[in-house]
Amino acid sequence: MTTVGVLALQGSFNEHMAALRKIGVKGVEVRKPEQLESVDSLIIPGGESTTMAKLAHYHNLFPALREFVNSGKPVWGTCAGLIFLANKAVGLKTGGQELVGGLNCTVHRNFFGSQLQSFETELSVPKLAKQEGGPDACRGVFIRAPAILEVGPDVEILADYPVTSDNLASMAPSDEDKENEMGPLDRVIVAVRQGNLLGTAFHPELTADTRWHSLFLRMGEVKGERSLQCASASNSDDPEGKGAPDLPIFE
Ligand SMILES: NC(=O)CC[C@H](N)C(=O)O
């Protein structure tokens with residue numbers, strides 16, 4: 001049985017552990033570099049990326065995290081975790097922060113503004129639905145969320161989101177990264193896949209929809225490791241996703 005590591009320094013690692021339990025998968029909290037040796041894939045959760053980077057540095061995790069990403073094992077970054085995986089991040093705190101890198105994209109750390117500008121929305125996710133079944137949309141919980149401003153040619157876009165005057169209003173006037181460097185954007189990217197790497201700017205682990213977790217597990221299956229029976233079983237009694245509304249859960 002596959003073992004999924006969840007980086008457990010800070011942020012929403014408990015919620016990812018709960019989502020994995022729900023689909024019958026063993027999650028292991030990872031706090032030390034050597035623990036990465038015994039997991040098959042890794043989730044880097046949301047939280048606060050600057051703080052998480054300081055903790056990762058303190059625990060000497062960066063070299064092992066980079067090695068893990070380069071090994072080709074699946075790694076999924078949600079929100080702050082997405083920032084960790086990006087090759088380039090803008091809108092950082094003064095002094096910057098260390099990144100793991102590997103994902104060929106530029107991320108804006110707080111694109112959608114402060115905690116107060118957090119929001120929930122329906123995202124169109126036809127590629128996710130095609131692979132995992134269920135509806136063509138998923139609930140996106142954006143908490144002080146980053147956004148991907150541009151991606152390299154090897155990156156597949158799984159979801160994007162329109163930039164409206166509302167979310168532009170949340171831009172700090174001094175925020176030159178969004179305006180000058182990138183030019184005006186009418187959409188930003190909020191979910192991507194590049195080979196063994198998955199990145200989401202929102203928090204699937206805070207909803208009842210387990211399809212992002214099962215997609216991630218499927219990425220590790222290419223090597224023929226695990227049957228997704230338990231994951232698909234959890235969706236099979238509601239293949240159209242018409243049952244209970246997909247409200248956020250905080251288990
Ligand atoms: N919910 C989140 O993970 C927020 C991430 C936050 N923007 C950061 O800088 O890390």
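Trainee: Is N60 buried or exposed?
Mentor: N60 counts as exposed, because it has 10 C-beta neighbours inside 10 Å. The cut-offs are these: a residue is buried if 20 or more other C-beta atoms, placed from the backbone, lie within 10 Å of its own, exposed if 12 or fewer, and partly exposed in between. By the way, this is a predicted model, where local features need pLDDT of at least 70 and side-chain atom pairs count only at pLDDT 80 or more, while totals for chains, interfaces and linings use all residues. Residues are numbered from 1 along each chain as its sequence is written.

Trainee: Okay, and where is the place of N60?
Mentor: N60 is in the loop between α2 (49-58) and α3 (62-70). Helices are DSSP runs of H or I with at least four residues, strands are runs of E with at least two, and both are numbered from the N terminus. The phi of N60 is positive, near 55 degrees, and N60 is not a glycine.

Trainee: Which other non-glycine has a positive phi, at about 60 degrees?
Mentor: That's C79. C79 is in the loop between β4 (75-78) and α4 (80-85).

Trainee: Is C79 buried or exposed?
Mentor: C79 is buried, because 27 other C-beta atoms lie within 10 Å. C79 also turns up among the residues around the ligand.

Trainee: Oh, which residues are around the ligand?
Mentor: Besides C79, there are G46, G47, E48, S49, A80, I83, R109, N110, I143, R144 and P146. To be listed, a residue needs its C-beta atom, placed from the backbone, within 6 Å of the molecule.

Trainee: How many residues of that shell are charged?
Mentor: 3 are charged, next to 5 nonpolar and 4 polar. Here Ala, Val, Leu, Ile, Met, Phe, Trp, Tyr, Cys and Pro count as nonpolar, Asp, Glu, Lys and Arg as charged, and the others, Gly among them, as polar.

Trainee: Back to α3. Which of its residues are buried?
Mentor: L65, F68 and V69 are buried. Seen down the axis of α3, they fall within an arc of 100 degrees, so they line one face of the helix. That arc is taken from the directions from the helix axis to the C-beta atoms. P63 and N70 are exposed on the face turned away from the buried side.

Trainee: What do the buried residues of α3 pack against?
Mentor: They pack against β3, α2, β4 and β12 (197-200). Contact here means C-beta atoms, placed from the backbone, within 7 Å. Just after α3 comes G72, with a positive phi of about 90 degrees.

Trainee: What about α1, which residues are buried there?
Mentor: In α1 (residues 13-22), they are F13, E15, H16, M17, A19 and L20. Their cover includes β1 (3-7), β2 (26-30), β3 (41-44) and α8 (211-221). G24 follows α1, and its phi is positive, near 75 degrees.

Trainee: New topic: how many residues of β6 are buried?
Mentor: 5 of the 6 residues in β6 (residues 103-108) are buried. β6 runs parallel to β5 (residues 86-90), joined by 4 bridges, and V90 has H108 as its bridge partner. β6 also runs antiparallel to β9 (residues 147-151), again with 4 bridges; there T106 partners E150. Strands pair if DSSP finds at least two bridges between them.

Trainee: And how many helices and strands does the chain have?
Mentor: It has 9 helices and 12 strands. Of its 251 residues, 41% are buried.

Methods: Contact = placed C-beta atoms within 7 Å.
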